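Hi everyone, thanks for making time for this. I'd like to walk you through one model and point at a few places as we go.

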Amino acid sequence: MIDKPRDYCGIFGMQNHPDAALLTYYGLHALQHRGQESAGIVTSHYDEDQGRWVMPAHRDFGLVLNVFDDQEVFDDELKGTAAIGHNRYSTTGASKNPANIQPFRVHYRSGNIGIGHNGNLANAKQLRERFREEGVLFQSTSDTELILHLISHSKKETQLEQVLDALEEVEGAYSLVMLTDEKLIAVRDPNGFRPLALGKVDGSYCVASETCAFDIIDAEYIRDIEPGEVLVMDQDATADSEPESYQLNAEYGTDTSQCIFEYVYFSRPDSKIFGENVDKVRRNLGKYLAKEHPIDEVVKNSPSDKKPIVISVPDSSNTAALGYVHENQKYGRECKFEIGLIRNHYVGRTFISPGQKSRDQKVRTKFNTVQGVIEGRSVIIVDDSIVRGTTSRYLVNMIRKDNPAEVHFLVSSPPIISPCYYGMDFPTPKELMANRFDRDIEAMAKEIGVDSLRYLSPDGLVNAVKEANVSPKGYCTACFTENYPVPVNFGIEKEDNEII
């Protein structure tokens, strides 16, 4: 409904805890923003009656609260002291195919194995074609299943060796949680595209896409899983035990390519991503936006008796807007942060208003303006990104109806000019507003109905992030620069492998 790149997936894992499934449920609840199409949990325990290890699973379409709305699921189904969980927004594999709901679990010659994946495999097409020629039968259309086939086809002896062998054959973006009969395994690809953090609660290790999942269960953040690291935790390990760490080979150089869009939009501001708080980085994006576009160069016709106001598009641009205002005020440039847009948090992803006649109605179900704040003022809207421009245009139309003196639009990231192939669901290049108008900023401003439109520069984005997060690790900026760090099969659609 809202014109933003779609969140990809959230993953969580819990080792050696009596409430493994329940803590995983809470972790997934905190990660709900990363995927709302489906949710699932897989656990592992030794069944005395059957005399073998089993992996019960509970998965379905919908939000975490809906999928796990029955306490008996935790009491009777999801037994065991280890668990992995997954929230899904599909990037490959159709969203309506129940076979694509993760975590996946299989039984093969070396035992049981479950897997949850955040990201996209860049060589999925070649791997799938190879397995098809070998006569492999596929249960899903997700690229995650390819990892399981690589594991089952490995000639290595132990299950861990098979996992390590398989991971050397995959390319692209992948943060993984894997569950075997005896181990919890956390993996981050050598480029480090997707985030993955290690925590500890009650002496037991846990892993999650974002640290906000640790906060909800009162877990301690230990560190990030390093790019290319395979971290192995025994299910029966004691509180003093250290996980075993293995390192994957980096096929495309040693430079890390952490997704910079995690800081711009995706992650929650209360999370720590790539070793730094998202809130701190976003405030720095606002600071650099003010350096490049100070408010006295933006505003032209502000009433003399009223300060210009800066409003965010809630919630993802709130902290960038605060950073922009603070930096301007620091140098004596008059402006004021105001709440000019109110977001309705209770609108579901599939909400359709009765008798809907226009797309404008969709935006009004999500946002409303505060007329008394906007009327007669110079209004600067700060947003984190513009994709197609449709929602931006409708928001500006709403604000114009409240009679502001002028309206300007500032974006705390550069123009998006190319899709992401590493785990985000972007429109095609021709649908992106920056491409439709040949990156003509004045034409784009006219399209969304503002007096001026300004973006943070690519260098400004990277410098702002690196100033806030002092680290030698690099970032992927492909959606802003077309510089893809890992070759991909361009043009792959997420429903390419569907047969119906």
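**A walk through the model**

Let's begin with arginine 439, which is partly exposed, with a relative accessible area of 45%. Before I go on, please keep in mind that this is a predicted model. Arginine 439 sits in the loop between helix 15 and helix 16, and its phi is near 60°, a positive value in a residue other than glycine. Aspartate 438 belongs to the loop between helix 15 (433-436) and helix 16 (441-448) too. For aspartate 438, phi is near 50°, and here again we have a positive value in a residue other than glycine. Is aspartate 438 buried or exposed? With a relative accessible area of 67%, aspartate 438 is exposed.

While we are on backbone geometry, let me show you two cis peptide bonds. One runs from glutamine 102 to proline 103, with omega near 0°. You'll find proline 103 in the loop between strand 5 (82-88) and strand 6 (104-108). The other one goes from proline 314 to aspartate 315, and there omega is near 5°. Please look at the order of the residues in that bond: proline 314 comes before aspartate 315. Aspartate 315 is in the loop between strand 18 (309-312) and helix 11.

Now to charges. In general, side chains of opposite charge can pair when their charged atoms come close. How many salt bridges does the model have? The count comes to 18, and I've picked a few of them for today.

My opening example is glutamate 169 with arginine 130, where the closest N and O atoms are 2.8 Å apart. This pair links distant parts of the chain, 39 residues apart: glutamate 169 is in the loop between helix 6 (159-167) and strand 8 (172-180), while arginine 130 is in helix 4 (residues 124-133). Glutamate 169 counts as partly exposed because its relative accessibility is 32%. Arginine 130 is partly exposed as well, with a relative accessible area of 31%.

Next, glutamate 229 forms a salt bridge with arginine 223, and the closest N and O atoms there are 2.9 Å apart. The two partners have their own levels of exposure: glutamate 229 counts as buried at 4% relative accessibility, whereas arginine 223 counts as partly exposed at 28%.

Then we have lysine 291 and glutamate 327, whose side chains meet in a salt bridge at 3.9 Å, N to O. Lysine 291 lies in helix 9 (residues 278-292) and glutamate 327 in helix 11 (residues 318-330), so this pair ties together parts that are 36 residues apart in sequence. Lysine 291 counts as partly exposed because its relative accessibility is 45%, and glutamate 327, at 4%, counts as buried. Beyond these pairs, there is also a network: Arg34, Glu210 and Glu262 are joined into one by salt bridges that share partners.

Let me turn to a charge without such a partner. Aspartate 189 is buried yet has no salt bridge. Which side chain of opposite charge is nearest to aspartate 189? That would be arginine 188, 6.1 Å away, and a salt bridge needs a side-chain nitrogen of Lys or Arg within 4 Å of a carboxyl oxygen. Aspartate 189 is placed in the loop between strand 9 (183-188) and strand 10 (197-201). What its side chain does have is backbone company: a polar atom of the aspartate 189 side chain lies 2.8 Å from the backbone nitrogen of asparagine 191. The backbone nitrogen of glycine 192 also lies 2.8 Å from a polar atom of that side chain.

Out on the surface, there is a patch of negative charge where Asp69, Asp70, Glu72, Asp75, Asp76 and Glu77 gather. One of them, glutamate 72, lies in helix 3 (residues 72-77). Glutamate 72 counts as partly exposed because its relative accessibility is 48%.

Last stop, phenylalanine 12, which you can find in strand 1 (residues 9-14). Phenylalanine 12 is buried, with a relative accessible area of 0%. If you'd like a sense of distance, take phenylalanine 12 and serine 245: they are 233 residues apart in sequence and 18 Å apart in space, C-alpha to C-alpha.

That's my tour, and I'm happy to go back to any of these spots.

How values were computed: Residues numbered from 1 in each chain as written. Predicted model: local features only at pLDDT ≥ 70, side-chain atom pairs only at ≥ 80, totals over all residues. Heavy atoms only, no water. Patch = residues over 30% accessible without salt bridge, like charges linked within 9 Å, V, L, I, M, F, W, Y side chains within 5 Å. Areas by Shrake-Rupley, 256 points an atom, 1.4 Å probe, with all protein chains shown as cover. Lys, Arg positive; Asp, Glu negative; His and termini not counted. Charge placed at Lys NZ, Arg CZ, Asp CG, Glu CD. Helix = DSSP H or I, 4+ residues; strand = E, 2+ residues; numbered from the N terminus. Buried < 20%, exposed > 50% of the residue type's maximum accessible area, 1.4 Å probe, protein only. Polar contact = N/O pair within 3.5 Å; in protein donor to acceptor, adjacent residues only side chain to side chain.
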